Amino acid sequence: MTLAELLGAARRKLAESGVEDAALDARLLVEHFTGTSRSDAIARPDRTIDPRTVAEVEAALARRCRGEPVHRILGFREFYGLRLSLSAETLEPRPDTEVLVDAVLPFMRDVASREGECRVLDLGTGTGAIALALLANVPGAVATGVDISDDALATAARNAVDLGLADRFRPKKSDWFAEISDRYHVIASNPPYIGSNEIAALQKEVRLFDPLRALDGGDDGLEPYRIIAAGAASHLEQGGLVVVEIGSTQRLEVGSIFADAGFRLVRALSDLAGNDRVLVFATA
Ligand SMILES: C[S@@+](CC[C@H](N)C(=O)[O-])C[C@H]1O[C@@H](n2cnc3c(N)ncnc32)[C@H](O)[C@@H]1O
């Protein structure tokens, strides 16, 4: 089978199964398993693909047709220009979370240049996405990535090594602040924020393949914010910031949870679709 034939067959199979981005997903899977690039498809469409590789592509397409997200099949996803490995207990990092990184980078650069170091605590680090993106962009930063999942912490640690950031990243097992005693200039978190009874209604790509612990924010989806707001003041350096990702309908509720804990809202940012997505707080 040629590369062009394989690409065409993959596109058709995904489209017939109702996969939304059939052409893109087909290309990503074919390129990954054949070790080819976009330009190979143009410059060498007649290149022969061996039967074993075709079988690998077919197995990957079958997984995608059953609803498994394309990046789970690939085993990695790009976040803020960084290639992050995924594992069973890590959330697949989402482009919307890049807004959170943008929101605190200027503050972190200021702190690092003024004080020589900027310390970040990433609560619920998963793949390490937030912490590692911040470290990659602020050479004077150091980060502690907290998670309750050993699998996620192992993956975050591996990603830090792969990206050459391991000397500034400390993975730490903790139930939110329970094992944390230091103070930080930035406390960042993209916590689980879906209400427990809303999980069943999520798209199957999310419901079946993102870990429940990364999604479930308790009865009203706000429980982690209550814990983070309650513990933030005693873990924040003077003049520091708390930055959290929120669900698109949670701005007022999360705002009042932090206000009750003694914080004022400094900035609210929207995601790429214009939904409320990130809130930045400072002590009132
Ligand atoms: C929505 S995911 C965010 C992952 C990553 N920060 C990102 O933005 O892609 C939430 C993370 O919180 C972690 N988590 C859930 N409960 C926790 C707890 N009690 N203490 C610490 N981390 C927790 C989950 O394991 C998961 O990795």
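## A sheet and its helices

The UniProt annotation "domain: Methyltransferase small", from an unreviewed entry, covers residues 117-195 (positions follow the numbering used here, feature names are shortened, and annotations may be inferred rather than shown by experiment). Residues are numbered from 1 along each chain as its sequence is written. This is a predicted model, where local features need pLDDT of at least 70, side-chain atom pairs count only at pLDDT 80 or more, and totals for chains, interfaces and linings use all residues.

Biologist: In what order do the 7 strands of the open sheet lie?

Modeller: Happy to help! Strands (E, at least two residues) and helices (H or I, at least four) are DSSP runs, numbered from the N terminus, and two strands pair if DSSP finds at least two bridges between them. The pairing here is mixed, and the order is β5-β4-β3-β6-β7-β9-β8.

Biologist: Which are the edge strands?

Modeller: Look for strands that pair on one side only. Those are β5 (169-173) and β8 (263-270).

Biologist: Which strands does helix α7 touch as it packs on the sheet?

Modeller: Contact means that C-beta atoms, placed from the backbone, lie within 7 Å. Helix α7 spans residues 129-137. By that test, α7 touches β3, β4, β5 and β6.

Biologist: And what is the bridge partner of Ile187 in β7?

Modeller: Strand β6 (residues 184-189) pairs with β7 (residues 236-245) in the parallel sense over 5 bridges. For Ile187, the partner in β7 is Val242.

Definitions and conventions. Two residues are in contact if their C-beta atoms, placed from the backbone, lie within 7 Å. Axes are lines fitted to C-alpha atoms, for helices over the stretch in contact, and angles run from 0 to 180 degrees between N-to-C directions.
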